Amino acid sequence: MLCAIRFFRCHRGIPDPLCRLARINPIVSSMNTTPSALAHWRERATAFEQSLNAVVLGQTHPIRSLLISLFARGHVLLEGDVGVGKTTLLRAAARALGGAYQRVEGTVDLMPSDLIYHTWIDDAGQMRIDPGPLLSQGDALSVFFFNEINRARPQVHSLLLRAMAERSVTAFNREYYFPHFILFADRNRVEKEETFELPGAARDRFFMEVLVKAPDDDEIRKQLMFDTRFQDTDKLIESVPAAILPYDQLNDVAASIQKHVQASPALQNYALALWQATAKPQDVGVQLSGIDVSSLVLAGASPRGMGMLMRGARVVAWLAGRDYLMPEDIREVFYDIIAHRVFLQPVHELHRDVIAPALMEAVLAQVAAP
């Protein structure tokens, strides 16, 4: 009945929030994607990175990885201990990116419908239905931040899988599209009670999985402890300049970067050798202490994963001011993009945190670069 009423209202031109969300407004880009325009965007990218480094100290690698993901148009999962700055980093990035922002807290009782709509009783005692966090901003949604994603049920992960893969969901008998949507998620690796492990298919949809650790530098640690600026997170986030990167233009910029940066035949062969080594590391001479490498890997990187590796590497090259790929570009993003896409035999999965870094490092060491 509700869907029928909304269908009638939409087609009669009667205002309705869910009708507005269902419209697809094609983005017609007028931006110039010449090399000079890309150079200007590189300056914006540098400003974005510097702004985040000013408020989230000692996290240069996660911030760099996040920047690469934004220009590669990929979703990001941050993992680390409690209180190391994962949420602060993602909130700061969302502010610097601009566009509509929504946040959800992962809980064991969260259901997919909670992302689509919520119900409430008005003053007249009538039940009302409003769009949920995933739908409420329509096609202006830029960042959807899922805090503690591993506390959500598998049913919620399934809904996110569709949204991440296709940037759309089905609700109220129609499709809702989010052309600029990026999922930021985090999970802590300490608490395991009332959590659900992300399935491989969901993890594969994340462009990067990035480890966030507490800073090692003593001077940075002192600032975090004694500088009161870092003790009020809300004010700290407000100090980040808003909308440094116009969210509604990033799709076009990202596509231009991918076309602009080229790979030589030698570089292509190097990437192919790395791909083969993720599935059969023993063939390139990888050795790990106490492990039979020939029976270690259940499945290597997928074609989609290697395609994402190349997307990330091209962004690295562009940030360095080049229009061609080098082996260092691939190496910089290899672990964050590929490690969670290499599946180990079940007997070794419990020790993934130790084995995966050693395996990725050994693969890069054994495959000769051009």
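Helices here are DSSP runs of H or I with at least four residues, strands are DSSP runs of E with at least two, and both are numbered from the N terminus. Everything below comes from a predicted model, where local features need pLDDT of at least 70, side-chain atom pairs count only at pLDDT 80 or more, and totals for chains, interfaces and linings use all residues. Residues are numbered from 1 along each chain as its sequence is written, and side-chain values use heavy atoms, with hydrogens and water left out.

**View 1. Arginine 73 and asparagine 173, two residues with positive phi.**
Most residues other than glycine have a negative phi. Arginine 73 goes the other way, with a positive phi of about 60°. Look for arginine 73 in the loop between α4 (60–72) and β1 (75–80). With a relative accessible area of 11%, arginine 73 is buried (buried means under 20% relative accessible area, exposed over 50%, partly exposed in between, using a 1.4 Å probe and protein chains only). Asparagine 173 also isn't a glycine, and its phi is positive too, near 65°. Asparagine 173 sits in the loop between β6 (168–171) and β7 (174–177), and it is exposed, at a relative accessible area of 70%.

**View 2. Helix α12, with its buried face.**
This helix covers residues 265–279, 15 in number. From first C-alpha to last, α12 reaches 22 Å, close to the 21 Å expected at 1.5 Å a residue (the expected span is 1.5 Å times one less than the number of residues). Leu267, Tyr270, Ala271, Leu274, Ala277 and Thr278 of α12 are buried. Seen down the axis, the buried residues of α12 fall within an arc of 120°, so they line one face of the helix; the arc is that of the directions from the helix axis to the C-beta atoms. An α-helix has 3.6 residues a turn, so residues three or four places apart point the same way. Pro265 and Asn269, on the other side of α12, are exposed. What do the buried residues of α12 pack against? Their partners are β10 (297–299), α13 (303–319), α14 (327–338) and α16 (352–366), where contact means heavy atoms within 4.5 Å.

**View 3. Helix α5, mostly covered.**
Helix α5 takes in residues 86–97, and its twelve residues reach 17 Å from first C-alpha to last, close to the expected 16 Å. Nine of the twelve are buried, among them Lys86, Thr88, Leu89 and Leu90. Just after α5 comes glycine 98, with a positive phi of about 80°.

**View 4. Alanine 242 beside the residues it touches.**
Find alanine 242 in the loop between α10 (233–238) and α11 (250–260). Alanine 242 and leucine 97 are 145 residues apart in sequence, yet 7.0 Å apart in space, C-alpha to C-alpha. Setting aside neighbours within four places in sequence, alanine 242 is in contact with Arg95 and Ala96.

**View 5. Serine 65, buried in the model.**
Serine 65 belongs to helix α4 and has just 2% relative accessibility, so it counts as buried. Not counting residues up to four places away in sequence, serine 65 touches Met208, Val210 and Asp336.

**View 6. The largest pocket and its lining.**
On a 1 Å grid over the protein atoms alone, a cavity is a set of points where a 1.4 Å probe fits but cannot get out, while a pocket is an open set with protein on both sides within 12 Å along at least five of seven lines; lining residues have an atom within 4 Å of a point. The largest pocket has a volume of about 700 Å³ (a volume is the space filled by probe spheres set on the points, with grid points joined across faces, edges and corners). There are 27 lining residues, and the closest to the centre are Glu79, Arg187, Arg203, Arg352 and Asp353. α16 gives the most to this lining, with four residues. By class, the lining of the largest pocket has eleven nonpolar, five polar and eleven charged residues (Ala, Val, Leu, Ile, Met, Phe, Trp, Tyr, Cys and Pro count as nonpolar, Asp, Glu, Lys and Arg as charged, and the others, Gly among them, as polar).

**View 7. The largest cavity and its lining.**
The structure holds one cavity of 30 Å³ or more, and the largest cavity has about 40 Å³ of space. Its lining is made up of Ile149, His157, Leu160, Met164, Leu198, Ala202 and Phe206. Helix α7 (residues 154–166) supplies the largest share, three residues. Six residues of this lining are nonpolar, one is polar and none is charged.
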